[in-house]
Amino acid sequence: ISNCFRIIIENDLNIKNLEQFENTVNSNILQSKSLNSLFVIMQNWGLKVMHLDKTVNFNYNILVLKVNDYIKNNYASVVKLNDIASALHVNSYYLSRLYKKQTGDSIITTVNKYRINKAKELLNTENYLVSEVGFLVGIDDPAYFANIFTKHVGVSPKNYKLGNQ
């Protein structure tokens, strides 16, 4: 299940409520007390994955795909809408509206989601302190990083790291 979530995230499938679903599945697994309950969790997860091709729009506009590529390549630095629009040679207002219409998220929300997913990867290793991770994913203010992380994941970066050791 973890590998499936990783693949979905790596391929930027932009599935609504993915993080919430991932947290729910992980919580259910941790609370599971029998093999039968684990089987039911995996069966439900499989049904959700099979349903993805009906709910995910893989026909994004080329500009949306280029925005996603830009985010992947630049998330660790300051990412501004105007910079992305300039790099793609389009009007920032148009790009913002198109992106929101196609994905359901603003570009900044997508940047933050990508950063938080990268932060989760870094926190899962023992190589980085919580205080370093925000800087590595492009959020220089530790308080803002903790706020954004908690908003997206449901727990603070410190508690997330402690829970995954």
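How many aromatic pairs does a search of the whole structure find? In this predicted model, the search turns up 3 aromatic pairs.

Take Tyr 75 and Tyr 114 to begin with. Their ring centres sit 5.2 Å apart with the planes at 65 degrees, so this pair is edge-to-face. Tyr 75 belongs to the loop between helix H4 (62-74) and helix H5 (81-88), while Tyr 114 belongs to helix H7, so the pair ties together parts that are 39 residues apart in sequence. Both rings belong to buried residues: Tyr 75 has a relative accessible area of 18%, and Tyr 114 comes in at 14%.

Phe 145 and Phe 149 make another aromatic pair, this one tilted, with 5.8 Å from centre to centre and 55 degrees between the planes. The two residues are 4 apart in helix H9, which puts about one helical turn between them. Phe 145 is buried at 3% relative accessible area, and Phe 149 is buried too, at 0%. Together with Tyr 160, Phe 145 and Phe 149 form one aromatic cluster.

Helix H9 also packs against H7. The axes of H7 (residues 107-123) and H9 (residues 142-153) come within 10 Å and cross at roughly 95 degrees, so the two helices are roughly perpendicular to each other. On the H7 side, the contact is made by Asn 112, Lys 113, Ile 116, Ala 119, Lys 120 and Leu 123. H9 contributes Tyr 144, Phe 145, Ile 148, Phe 149, His 152 and Val 153, so that both members of the tilted pair take part in this contact. Sorted by class, the H7–H9 contact has 8 nonpolar, 2 polar and 2 charged residues.

Technical notes:
Residues are numbered from 1 along each chain as its sequence is written. This is a predicted model: local features need pLDDT of at least 70, side-chain atom pairs count only at pLDDT 80 or more; totals for chains, interfaces and linings use all residues. Side-chain values use heavy atoms; hydrogens and water are left out. Axes are lines fitted to C-alpha atoms, for helices over the stretch in contact, and angles run from 0 to 180 degrees between N-to-C directions. Angles under 35 degrees count as roughly parallel, over 145 as roughly antiparallel, 65 to 115 as roughly perpendicular and the rest as oblique. Contact means heavy atoms within 4.5 Å. Ala, Val, Leu, Ile, Met, Phe, Trp, Tyr, Cys and Pro count as nonpolar, Asp, Glu, Lys and Arg as charged, and the others, Gly among them, as polar. Rings of Phe, Tyr and Trp (its six-membered ring) pair if their centres lie within 6.5 Å; planes under 30 degrees apart count as stacked, over 60 as edge-to-face and the rest as tilted. Buried means under 20% relative accessible area, exposed over 50%, partly exposed in between (1.4 Å probe, protein chains only).
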